[in-house]
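Morning, everyone. I'd like to walk you through a few backbone oddities today, so let me put the structure up.

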Amino acid sequence: MGFPKGRRRLVVAAATLLTLAVVAGIGYRVLAPAEVSTPAQGAPPSAGTPAIGVVGRLPVAPLVVAGRLRVYAADRQLYADQPADGRNRVTPFWSYRRWPASLDGVLAAGTTVLSHWSDGKLVALDALTGRVAWRADGPEPDDTPPARRTGAATVWDPRGISVASTPAGRTVLVVSGAGSLRGHDLADGRALWRADGDPDCRTDLGTTAAGQVVSVDSCAGPTAVEFRDVATGTVATRWRPPDAPDRFAVTPVGCLTPRSQCRGLRTDAGSGGRGWQVGPGAPMAAPALDAADSTLVGELAVGDDGGVLKGREARSGKERWQRGDLGPVQILATEAGRLYVLTERRELVTLDPVTGAQRSRFPMTPGRDGIGWKPGRAYAAGGYVAVERLRERADPDDDDQAYFLMAEPVVLAAT
C-alpha cells in the first residue's frame with residue numbers, strides 16, 4: 001500500500017526542495033565571500049645577525065620584514081614564516097586568506113604589510129603578529145599580467161601601490177586603479193584625498209623621496225608629468241622636458257621599492273633616454289642617468305661602462321669611483337648604503353655606493369647548483385638579497401617549468 005498519487009507528488013516535490021536547500025546552503029558556505037585570519041601563536045624571533053653568504057633556496061619570493069621574518073604571497077593568501085635566515089620555507093607563522101578576491105600587490109612599510117586585492121579592498125596586517133590592523137575600500141586594480149609561481153611580481157614589483165612621507169612625518173599609502181588615484185593614512189587606513197581621471201590617458205607611476213606622487217598625463221594635449229603633494233593630492237608641478245615631443249614615456253629610477261620614494265626619472269621618446277633627478281621642484285637634468293642600464297643610488301648614477309662599473313655624479317657626470325676588477329656585471333638591487341651586483345661567474349658583490357668599496361663577495365650558488373642560470377627579478381631589504389634564477393635560454397613566453405631553473409628557483413643571501 002503506498003501513497004496516493006497526488007500525495008506522492010507532494011512528497012517528491014518537498015524532498016526535492018529540501019535537497020536543493022541543503023545543496024544551496026553547502027554551496028553558500030563554500031563559495032560565499034570569506035576572510036580567514038590565523039594570527040601567530042607566539043612571539044616573533046628577534047632580529048639576528050646572519051652569517052654572510054647564501055642562506056638557502058626557496059620556491060617563492062619573500063619579503064624580509066624587520067630582519068625577523070619572511071612574508072610570501074599566493075593567489076588568495078598572504079603568509080609568513082620565520083626566522084628571516086631560515087634555510088627553507090617552513091610551516092606558516094601566520095596566515096591571512098580572502099575569497100573569492102585574488103591578491104594583486106603587496107608591500108612592506110616598517111612592520112606593516114599592505115595588500116591590494118582584485119575587488120579593490122586594502123588590508124593592512126601587523127607583520128609581527130599577522131593580525132589585521134585595518135581595512136579600507138580602494139580602487140579596483142588595473143589589469144596586470146598574471147604572476148608566475150614565485151609570486152615575485154606581486155611582492156617585489158607591485159603595481160598600483162606605493163608609499164611616501166609628508167614633511168610632518170606621516171606615511172601615506174598611495175593606491176591607483178581604474179582611473180582613480182587615492183591617498184590613505186598608513187597608520188589607520190583613513191582616506192586623505194582622491195583624484196579621478198581617464199585611465200586611457202593618465203598613468204600613475206608612484207612616489208618620490210621628496211613626498212610627491214608622480215603621474216603621466218596626456219588627456220589634455222601633449223604628454224606632461226604631474227607631481228602631486230602626497231598629503232593633499234593637489235598637483236604642485238606640471239612638467240615637460242625641454243624640447244620634448246608631444247608623446248614620451250617615463251620610467252622611475254632610484255626607488256626604495258620599484259615605485260616608492262624614487263629619486264629620479266628617465267624619459268624616452270624612442271630616440272634615446274634622458275635622465276632627471278627629482279626633488280621638491282621641477283626635475284633637473286642628470287645626463288649620467290641617460291643610459292638605460294644605469295641606476296641612481298643617492299646622488300650618484302651607477303652603471304657598467306664597457307666592463308668597468310662606474311659611479312658618477314648624476315648631474316655633472318664627474319666620476320667618483322670605478323671598479324674594473326669585477327668584469328661585466330648586472331646591477332641586481334640597491335638599498336641605503338648598499339649596491340648589489342652580480343658578476344658573470346654568479347658572484348654577488350656588495351659595494352658601498354658612495355665609494356665603490358667592497359663590503360662582501362661570495363658565490364650566489366647554493367650547494368652544487370652551479371652557475372648555469374641568468375637572473376630574473378631581484379629584491380633587497382635589510383642586508384638580505386633574493387633573486388630568481390632562470391634558465392639560460394628562458395623566454396618570457398615560456399611556461400614556468402621552462403622558465404625557472406628548478407622547483408626552488410629563488411636564492412636568498414645575507415650580505
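I'll go through the cis peptide bonds and then the positive phi angles.

Before that, the ground rules: this is a predicted model, where local features need pLDDT of at least 70, side-chain atom pairs count only at pLDDT 80 or more, and totals for chains, interfaces and linings use all residues. Residues are numbered from 1 along each chain as its sequence is written, and side-chain values use heavy atoms, with hydrogens and water left out.

Okay, cis bonds. Have a look at Q82 and P83: the peptide bond joining them is cis, with omega at about 5°. P83 sits in the loop that runs between β5 (77-81) and β6 (94-99). When I say strand, I mean a DSSP run of E, at least two residues, numbered from the N terminus.

Then there's W99 and P100, also joined by a cis peptide bond, and here omega is about 0°. You'll find P100 in the loop between β6 and β7 (103-109).

Now the phi angles. A66 isn't a glycine, yet its phi is positive, near 55°. Where is A66? Look in the loop between β3 (63-65) and β4 (69-74).

A178 does a similar thing: not a glycine, but with a positive phi of about 50°. That alanine, A178, is in the loop between β12 (171-177) and β13 (180-185).

So are they buried or exposed? By relative accessible area, buried is under 20%, exposed is over 50%, and partly exposed is in between, using a 1.4 Å probe and protein chains only. A66 comes out at 42%, so it counts as partly exposed. A178 is at 51%, so that one counts as exposed.

Key
Helix = DSSP H or I, 4+ residues; strand = E, 2+ residues; numbered from the N terminus.
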